[in-house]
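These are my notes from going through the structure, written down in the order in which I looked things up.

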Amino acid sequence: MKKFKTLISYLKKNQCIPKLLTRHLLIKQLLINMKLGNLFKRLLAVGLSLGMGWGMMACGGSPVDDLSDAESQVFITNYDRSVNFANYRTFSLPDSVVIVSNSGDQTSQTLLDQAVLAGLAQQLTNRGYQRVEQGSSADLGVAAIRVNNSYVGVTSSPYSSYYSNYWGYGGYGYSYYPYYPSYYNFYQVSDNYWNLQMVDLKNRNANNQQLNVIWQAEIRGNGIFDTASTNDILTNVFSQSPYLQANK
Amino acid sequence: MKGWKIAGMMAALIWAQTATAQDDSTPSAGGYSPYKQYVTGSATLYYGVGLPFGSQKDFIDKSPTSNVGIAVEAMFPGHFSVGGRFMYEHVKQRLPRQVYSIGDGSDVSAVQTRTLTVAPLLAIGSAYLTDVTATVRPYVQLGVGGAFVSYAKYYGLLVDQKQGIRAAVAPAVGVKFRFGAQSNIGADIQAQYQHVFFKYDQLDNSQNLMINVGVSYRWW
């Protein structure tokens, strides 16, 4: 390159090359510059690769991949603000959980289900509520529901069928269905999760055949179907629901 | 017709003059330098850390440290340059389990993971205090363009996310160095205020003071 420049310089100093040739040589010079340009292109490629690699590092995996099972769990609770939970004393809790899936509802009594029901009963008892025998009259109906697989598009009354005879005594049969005030949100994602809910059996609305859902909890995340973690999960759920307290 | 001839001669003269100047373009410390004669190029690879403030600090108070980028500039003889700049900035913060009350009245107990990715693509213009051949060039810069923004707030595995492209402005001050009068390699240190007009949930515009260092290469 140095020789090339020297040659051009010499020729021009002696004014022995026509301008057209100069222009031709300039094109060559431009090509030389392009070689430097290639270096720049390589730098650019390195930079872009670094940036893209960095981006892929950040975007390749989910930012929550490193959460432990316990850390991944989410407990969502909501309740009817017009209700005074101290006005209720008894609750009915069946010995099975409801499985809700796209293929329909059924009940289940696995060891996990029994652990959840026992833990649920214990938490309510700790809050001063008294469990009654299945089939007896109660102030509160408590349900444990496992929502499975691709059950999405949950609407305002997703679990109507289990109300048919879930608490097992007359008067709350086929004609009643749950009523969810508008502040209950159901996260419409494909997921397996627990839904716990409490309906008001004491103040059932005979006119419109509704049982008000006065409390509910959604439990989501990894490890929520491990029997060993049941107590920790329920403790968390109830600790964020301090209003669940019967009169002592 | 005569006018055309004069114009043609003038064009030929300029052409010739340009050619003459181009051919004599060996860089030198004291005298002639092509950087004084022509528009030359400069590319800089950056790494930076960010100091968030405003609502971004409320969202993630951790300093973004995963910031890389590249700038390509046309350096004019004298005191100005224009170019383009791309940066990629990512920050993530995890908060221990807490109970959050959200808009619908629900109480949500979760470990929160918050992430913010900002990737601005800016047109930049710089004004330098010293000449293009100086080895130390303090400057002020203005960047204007757009930025891709990805905002995410994870509750455990559930995510509340928003992405979009928004306008961005980024004034900066800095100093460019060259490692010797003949060197094509240099460095850049700059402080840049970056403002991205992105509003969602907790974020009422992304605001950062970025401290960037770069390695640059110039060519002609």
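Entry one, surroundings of a valine. I listed what Val118(B) touches in this predicted model, leaving aside residues up to four places away in sequence, and found Met87(B), Tyr88(B), Glu89(B), Ala147(B), Phe148(B), Val149(B), Gln194(B), Val196(B) and Ser206(B). Val118(B) has its place in strand β4 of chain B, and because its relative accessibility is 3%, under the 20% cut-off, I count Val118(B) as buried. I also looked up its separation from Tyr151(B): the two are 33 residues apart in sequence, and from C-alpha to C-alpha they are 8.7 Å apart in space.

Entry two, a strand between two partners. What joins strand β4 (residues 107-128) of chain B to β1(A)? I found three bridges, with the strands running antiparallel, and in this pairing Thr77(A) stands opposite Asp107(B). β1(A) is also joined to strand β9 (residues 210-220) of chain A, here by six bridges and again antiparallel, and Phe75(A) stands opposite Ile219(A) of β9(A).

I then asked why β1(A), residues 74-79, is described as largely enclosed by the rest of the structure; the reason is that six of its six residues are buried. In a regular strand the side chains alternate between the two faces of the sheet. I therefore checked each side of β1(A) in turn, and both are covered, with Val74(A), Ile76(A) and Asn78(A) buried on one side and Phe75(A), Thr77(A) and Tyr79(A) buried on the other.

Entry three, nonpolar cores. The largest nonpolar core has 40 residues, and those with the most contacts inside it are Phe85(A), Met198(A) and Trp215(A). The elements of chain A that give two or more residues to this core are β1, β3 (97-101), α4 (111-126), β6 (140-147), β8 (193-200), β9 and α5. Apart from this core lies another, of 18 residues, which includes Ala71(B), Leu116(B), Val149(B) and Val196(B); of these, I had already met Val149(B) and Val196(B) as contacts of Val118(B).

Entry four, cavities. I found four cavities of 30 Å³ or more in the structure, and the largest holds about 180 Å³ of space. Its lining is made up of 17 residues, and Met75(B), Arg137(B), Lys176(B), Arg178(B) and Arg218(B) are those that lie nearest its centre. By class, the lining of the largest cavity divides into six nonpolar, seven polar and four charged residues. In chain B, β1 (40-52), β6 (158-178) and β8 (203-219) each supply at least two residues of this lining, and β1(B) gives the most, with four.

The second largest cavity holds about 50 Å³ and is lined by Val116(A), Trp194(A), Ile219(A), Ile224(A), Thr230(A), Ile233(A) and Leu234(A). Six of these lining residues are nonpolar, one is polar and none is charged. Helix α5 (residues 230-239) of chain A provides the largest share of the lining, three residues, and Ile219(A), also in the lining, is the residue I noted earlier opposite Phe75(A).

Entry five, chain A as a whole. I counted five helices and nine strands in chain A, and from the N terminus on its elements run α-α-α-β-β-β-β-α-β-β-β-β-β-α. Of its 248 residues, 48% count as buried. Among contacts in chain A between residues at least 6 apart in sequence, I noted that 78% join residues at least 24 apart.

Note on methods: Residues numbered from 1 in each chain as written. Chains lettered and ligands numbered in written order. Predicted model: local features only at pLDDT ≥ 70, side-chain atom pairs only at ≥ 80, totals over all residues. Heavy atoms only, no water. 1 Å grid on protein atoms, 1.4 Å probe; cavity = no way out; pocket = protein on both sides within 12 Å on 5 of 7 lines; lining within 4 Å. Points joined across faces, edges and corners; volume = space filled by probe spheres on them. Nonpolar A, V, L, I, M, F, W, Y, C, P; charged D, E, K, R; others polar. Buried < 20%, exposed > 50% of the residue type's maximum accessible area, 1.4 Å probe, protein only. Pairing = 2+ DSSP bridges. Contact = heavy atoms within 4.5 Å. Core = buried A, V, L, I, M, F, W, Y, C linked by side-chain atoms within 4.5 Å.
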